[in-house]
Amino acid sequence: MPKGEKTKARRTLVRAGYAIALAGVLAGLAPGAVQAEGKKFLIGIVELQLANPFFGRLEKSAVDTAKRNGLDVMTAEASTAGDSATQINALENMINRGVKGITLDPANATALVPIVKKARDAGIVVVTTNTSLAPMTAADAAYETDNLQAGVLIGQWARATMASDPAHIAMLDYDLADKTSKARHDGFLKGFGIAEGDPQIAGSALTMGNAETGQTAMENLLSAHPNINVIYTINEPAAQGAFFAIKKARRDVLVTSIDGSCSGVRSIADGTIGATVMQFPIRMGEMAVEAIIKAVADGVKPSGFHNTGTVLITDHPVAGVDSKDSKWGVETCWGE
Amino acid sequence: MREPAPAIASLQRPTQSLFAYPIAGPLFALIVIFIAFSLTTSTFMNAGNMSLIAQQSVVIGTLALGQTLIILVSGIDLAAGAIMVFGTVVAGSVAWHGDAVPAMALGFLACVVAASINGLVVAWFRLPPFIATLGMFAIIAAAARLYSQSRSFPITSDLLSVLGSGPELGMLTVTYGTMAWVALTLILGYALNQTAWGVRVYAIGNSPSAARLNGVSVTPVVLSVYALAGVFYAFAAWQALGRTPIADPSGYQIANLDSITAVVIGGTSLFGGRGGVAGTFIGTLIVVALKNGLTQAGIDSLYQQIATGALVMLAVGADQYLARGHRA
């Protein structure tokens, strides 16, 4: 092949390669297919990264509710935690496409406020799911778990279970800049009846809310504070990881968590986790979409904060804190 | 610009000065870290915690061996962690529904195939490694989620989780995973330093055109580097299942960056051709010991990240300084 041709061929290949790589990247970001049936109206559903099954379940519930009511649906998701840019683009597209309502699970409490205002100025009903904007009134209404209350429940349970034993607490957090993470953390301390910086808190560490980082964090904390006997974890995967560290170190630690996934509830049944708080993403998605349908039909916009529920799940109930057992949990849990 | 002269110099370099001292810096840093934490905390320097640091090192340490190979040929692999996670998810899901042996085989195959595709795209189609592996990162991470439907699989098979166990001598547990990490480092170190293939890898890293002029067939060697890196990613996947017996598609999200950090802190040059696995071994220990010690000292995680970031910049700065020294 003459040199020029070879370079040209290579350049074409390079371009093709770029195209393939780009297509791969875009495939992860592209909004879901738009359904073209029914003649009611178009609704936009914006979620956080689907890497987290909780957000997947919440989105599916919202989409199912919309389709059951004959609506056309447009979906979009943030690609990583805190990725508000993708969500802003998605909202712009939805405004242009003429949606009548949007359910939004904001990746950032303040970054989404201007675009939500633009949508509402255009007459679109915007409600938040899972977590809200700051101020909350930036959207029409909020449908979410009261994460502070969820934290309070496991804090109270841990306090009552420890009875008069001295507590040495480890906090396995997720980034505390995250609203949900902060609320759960604060709630646990409140429920336990202590303030930030209390000497009963032996140590704290950041996890990514998965088993691997939960395990490493717990190993390091146990190494420094072998007397830790109570832990708070941001979610069940982190708790399961922490349990590997506890088991290896042959310690006896009260493990508390939040989420209510099926795998988490099974961990309650097998004793890995002492207590967890179940959230209700299915109800969350349904309530949010139904509020939009009602607003479009009757012109009555929803408003305010709507708690979608928190239930303490444990097989070791304590007096004064309502709870359900793991059997109920397994029947009610929202997914893996 | 005279090409041939530096080319010859570069072929001799790895065997001479470069292996004499590049791990001195990282080794010094590691010793300083150990002394500092031994003095400031009462819980750092004991057998139990040393064994913990080793256990916390094996996944990133094994992954970083593959990353070292790729960086030595002036590449970079942003997909390393995602390929490893894909391997764990494939093995975990197959074992969940059936047998551990085919699960293990398929997990290994998945890692080697994915890494080899990177190699093909880089060596044959001449895409910049950054772009090729960025694309692969997005594809393979999404593939792992689609394949697993974002659920995780508990590992019950002894074969898949064997690397997490090992003999206990009092407080000191030496896991098979730790032994495997040391063994893999030694084997790869031998291959890089004592074989003709290793000399070619360094030569290509220094200057592909010079290597070509010296009769090295660049494309097959680069391909072999990526494929072999895939083998190390597969071992890393096995290590991950041993350490945390859950195959979780959301695990190890920044393992790609962690592995690059370990390689760079270990003194391997991002420009290729300089460094090696001994440095990466130490670099991994530095990153892990720093996190372990700072957590025990009660330092906030965000300050831990700052400390690691500063070390990376220091290491790259030192590398630049050394490179300039060599040219002069």
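Q: What is the handedness of the link of A:C262 and A:C333?
A: Happy to start here, keeping in mind that this is a predicted model. The structure holds one disulfide over all chains, and A:C262 and A:C333 are the cysteines joined by it, with an S to S distance of 1.9 Å. The angle about the S-S bond is 95°. That makes the link right-handed.

Q: How many residues apart in sequence are the parts that A:C262 and A:C333 tie together?
A: A disulfide is a covalent bond between the sulfur atoms of two cysteines. Here A:C262 sits in helix α9 (residues 262–269) of chain A, while A:C333 belongs to the segment after α11 (326–332) of chain A. The pair therefore ties together parts whose separation in sequence is 71 residues.

Q: Are A:C262 and A:C333 buried or exposed?
A: To count as buried, a residue needs under 20% relative accessible area. Both cysteines of the pair, A:C262 and A:C333, fall into one class: buried.

Q: Among contacts in chain A between residues at least 6 apart in sequence, what percentage join residues at least 24 apart?
A: Let's first set the scene: chain A has 11 helices and 12 strands, and 54% of its 336 residues are buried. For contacts between residues at least 6 apart in sequence, the share in chain A that joins residues at least 24 apart is 70%.

Q: Which helix gives the largest share of the largest nonpolar core?
A: The largest nonpolar core has 85 residues, and B:M84, B:L192 and B:Y233 have the most contacts inside it. Its largest share is 14 residues, and they come from residues 218–243 of chain B, which is helix α12.

Q: What is the relative accessible area of B:C111, a residue in contact with B:M84?
A: Leaving aside neighbours within four places in sequence, the contacts of B:M84 include B:V59, B:L63, B:C111 and B:Y233. Of these, B:C111 is buried, because its relative accessible area is 0%.

Q: Is B:L39 buried or exposed?
A: B:L39 is found in helix α3 (residues 24–40) of chain B. Together with B:L27, B:I31 and B:I35, B:L39 makes a nonpolar surface patch of about 400 Å². Its relative accessibility is 72%, and the cut-off is over 50%, so B:L39 counts as exposed.

Q: Which residue of chain A forms a salt bridge with B:E168?
A: Side chains of opposite charge can pair when their charged atoms come close. B:E168 lies in strand β2 (residues 168–169) of chain B, and its partner lies in the loop between α8 (236–248) and β9 (254–259) of chain A, so the pair joins two chains. B:E168 is partly exposed at 46% relative accessibility, whereas its partner is exposed at 62%. With the closest N and O atoms 3.3 Å apart, that partner is A:R250.

Q: How far apart are the closest N and O atoms of A:D186 and A:K182?
A: This pair is within helix α6 (residues 179–192) of chain A, and its members are four residues apart, about one turn of the helix. A:D186 counts as partly exposed at 27% relative accessibility, and A:K182 is also partly exposed, at 35%. In their salt bridge, the closest N and O atoms are separated by 2.9 Å.

Q: In which helix do A:D298 and A:K294 both lie?
A: A:D298 forms a salt bridge with A:K294, the closest N and O atoms being 3.9 Å apart. A:K294 is partly exposed, with a relative accessible area of 46%. The two residues are four apart, about one turn, in residues 281–298 of chain A, which is helix α10.

Technical notes
Residues numbered from 1 in each chain as written. Chains lettered and ligands numbered in written order. Predicted model: local features only at pLDDT ≥ 70, side-chain atom pairs only at ≥ 80, totals over all residues. Heavy atoms only, no water. Buried < 20%, exposed > 50% of the residue type's maximum accessible area, 1.4 Å probe, protein only. Contact = heavy atoms within 4.5 Å. Disulfide = S-S within 2.5 Å. Patch = residues over 30% accessible without salt bridge, like charges linked within 9 Å, V, L, I, M, F, W, Y side chains within 5 Å. Areas by Shrake-Rupley, 256 points an atom, 1.4 Å probe, with all protein chains shown as cover. Salt bridge = Lys/Arg side-chain N within 4 Å of Asp/Glu carboxyl O. Core = buried A, V, L, I, M, F, W, Y, C linked by side-chain atoms within 4.5 Å.
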